[in-house]
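Trainee: Could you take me closely through one charged contact and the space around it, and then set that part beside the other contacts and hollows of the model?

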Amino acid sequence: MKKLIAVVALAILATACMPRMPDLPTVVTLNQAQLPVVTEEDVMWSAEDYNGKPVLIVFMGSWCPWCKKTMPAVNALNEKYKGQVEIVGAFMDPTPGTVKDAIEEHGFTAKALYNAGELAEGVGVTGLPHTVLFDKKHQSVKVWEGYRPDMEEQVTIEIDKLIK
């Protein structure tokens with residue numbers, strides 16, 4: 001009996017110490033996301049305006065040095081996929097002033113949005129920069145967290161899968 005109790009106790013202990021299997025990835029959708037545009041007063045960017053088109057959102061902060069390093073790759077992607085993919089920088093800043101200063105200082109040419117905190121929370125942003133690619137139905141298909149020197153190449157591979 002003691003051996004049985006010992007075996008059961010070891011089995012319970014082993015089960016408790018096993019690593020938990022990760023949850024299946026959750027598909028995030030843009031739904032009816034709307035954010036104000038930095039350079040156009042009283043203009044709202046709406047995901048619905050881009051139905052049927054992939055959307056790439058790069059969540060950033062005007063204060064974030066890694067986000068600033070990401071800006072050239074976002075600019076290059078915006079130029080490369082102009083008219084095929086909606087590419088935006090969604091800044092966490094609650095007001096447009098600091099974002100406007102940052103995009104001018106760093107020559108950011110993609111559409112810049114601000115006050116993106118609620119949307120960022122909804123798509124699971126845990127740090128900046130945080131890039132999410134949505135397909136033509138606006139369901140997330142790929143996420144990149146943090147700064148990546150190879151961002152342009154990695155995002156290009158995934159976008160090409162969506163538009164071909």
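Mentor: Asp-150 is partly exposed, since its relative accessible area is 28%, a value between the limits of 20% for buried and 50% for exposed. Please keep in mind throughout that the model is predicted. The side chain of Asp-150 meets that of Arg-148 in a salt bridge, with N and O 3.3 Å apart. Arg-148 is likewise partly exposed, at a relative accessible area of 30%.

Arg-148 also leads to the enclosed space. The largest cavity has Arg-148 in its lining, together with Thr-70, Pro-129, Thr-131, Trp-144, Gly-146, Tyr-147 and Met-151. By class, that lining divides into 4 nonpolar residues, 3 polar and 1 charged. The space inside amounts to about 40 Å³, and a search of the whole structure finds 1 cavity of 30 Å³ or more.

The contact between Arg-148 and Asp-150 belongs to a set of 3 salt bridges in the structure. Another joins Glu-86 to Lys-111, whose closest N and O atoms are 3.5 Å apart. This pair links distant parts of the chain: Glu-86 belongs to strand S4 (residues 86-91) and Lys-111 to strand S5 (residues 111-113), with their positions 25 residues apart. Glu-86 is buried, at a relative accessible area of 10%, whereas Lys-111 is partly exposed, at 29%.

The remaining pair is Glu-158 with Lys-161, where the closest N and O atoms are 3.3 Å apart. Here the partners share helix H5 (residues 151-163) and stand 3 residues apart, about one turn of the helix. Glu-158 counts as buried because its relative accessibility of 16% falls under the 20% limit. Lys-161, by contrast, is exposed, with a relative accessible area of 56%.

The open space deserves a separate description. The largest pocket has a volume of about 180 Å³. Its lining includes Val-28, Thr-29, Leu-30 and Asn-31 as well as Asn-115, Glu-118, Leu-119, Gly-122 and Val-123. Two elements give two or more residues to this lining, strand S1 (34-36) and helix H4 (117-122). The largest share, 3 residues, comes from H4. The lining of the pocket comprises 6 nonpolar, 5 polar and 1 charged residues.

To return to your request, Arg-148 is the point where the two subjects meet: its side chain pairs with Asp-150, and Arg-148 lines the largest cavity.

How values were computed:
Residues are numbered from 1 along each chain as its sequence is written. This is a predicted model: local features need pLDDT of at least 70, side-chain atom pairs count only at pLDDT 80 or more; totals for chains, interfaces and linings use all residues. Side-chain values use heavy atoms; hydrogens and water are left out. On a 1 Å grid over the protein atoms alone, a cavity is a set of points where a 1.4 Å probe fits but cannot get out, and a pocket is an open set with protein on both sides within 12 Å along at least five of seven lines; lining residues have an atom within 4 Å of a point. Grid points are joined across faces, edges and corners, and a volume is the space filled by probe spheres set on the points. Helices (H or I, at least four residues) and strands (E, at least two) are DSSP runs, numbered from the N terminus. Ala, Val, Leu, Ile, Met, Phe, Trp, Tyr, Cys and Pro count as nonpolar, Asp, Glu, Lys and Arg as charged, and the others, Gly among them, as polar. A salt bridge is a side-chain nitrogen of Lys or Arg within 4 Å of a carboxyl oxygen of Asp or Glu. Buried means under 20% relative accessible area, exposed over 50%, partly exposed in between (1.4 Å probe, protein chains only).
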